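Here is a short briefing to read alongside the structure. Please have the viewer open as you go through the points.

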Amino acid sequence: QTFRLGQVLHLPEAMSFYYAHAGYYLTQFFVSMSMPLLVFAWLLVLLSDCEGTLDAFQHCFGEKESAASVMARMLSACFSWL
């Protein structure tokens with residue numbers, strides 16, 4: 001329906017329709033909250049690494065790859081196309 005309105009309305013009217021819609025503000029909220037949530041998730045992964053100090057509480061088993069190297073590999077895979 002928005003596509004059809006965009007075909008009928010001129011640019012100023014179409015932009016006023018878009019910015020007055022609640023979906024615009026909901027999208028802006030999701031975009032603004034995505035980066036802090038992503039950083040929080042990365043910090044949880046990095047801080048939950050088994051480094052030897054809290055082995056009794058974290059149930060660390062054997063030699064595993066560190067969380068920092070896992071995150072570095074994931075970030076290099078995500079941004080390798082840049």
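What pattern does the chain follow when read along the sequence? The pattern is α-α-α-α-α, and the secondary structure comes to five helices and zero strands. Please keep in mind that this is a predicted model.

**Overall surface**

- The chain has 82 residues, and buried residues make up 4% of them.
- About 7300 Å² of the chain is exposed, with 70% of that area supplied by carbon and sulfur atoms.

**Helix H3**

- Helix H3 covers residues 22-47, and Leu 26 is found in this helix.
- How far apart are the end C-alpha atoms of H3? They are 38 Å apart, which agrees with the span to be expected, because 26 residues at 1.5 Å a residue should also give 38 Å.
- There is a bend in H3 all the same: the helix turns by about 30° at Ser 34.
- A proline, Pro 36, follows Ser 34 within four residues.

**The nonpolar patch**

- Which residues make the nonpolar surface patch? Leu 26, Phe 29, Phe 30, Met 33 and Leu 37 do, and together they form a patch of about 510 Å².
- Leu 26 has a relative accessibility of 48%, so this residue counts as partly exposed; the cut-off for exposed is over 50%.
- Phe 29 is also partly exposed, because its relative accessible area is 46%.
- Phe 30 has a relative accessible area of 51% and is therefore exposed.

**Aromatic pairs**

- How many aromatic pairs does the structure hold? There are two.
- Tyr 24 and Tyr 25 form an edge-to-face pair, with 5.0 Å centre to centre and 80° between the planes.
- Phe 29 and Phe 30 form a tilted pair, with 5.8 Å centre to centre and 55° between the planes.
- The tilted pair ties in with the previous topic, since Phe 29 and Phe 30 are among the residues that make the nonpolar patch.

Definitions and conventions:
Residues numbered from 1 in each chain as written. Predicted model: local features only at pLDDT ≥ 70, side-chain atom pairs only at ≥ 80, totals over all residues. Heavy atoms only, no water. Patch = residues over 30% accessible without salt bridge, like charges linked within 9 Å, V, L, I, M, F, W, Y side chains within 5 Å. Areas by Shrake-Rupley, 256 points an atom, 1.4 Å probe, with all protein chains shown as cover. Salt bridge = Lys/Arg side-chain N within 4 Å of Asp/Glu carboxyl O. Helix = DSSP H or I, 4+ residues; strand = E, 2+ residues; numbered from the N terminus. Buried < 20%, exposed > 50% of the residue type's maximum accessible area, 1.4 Å probe, protein only. Phe/Tyr/Trp six-rings, centres within 6.5 Å; stacked < 30°, edge-to-face > 60°. Expected span 1.5 Å × (residues − 1). Bend = angle between axes of the 7 residues up to and from the residue.
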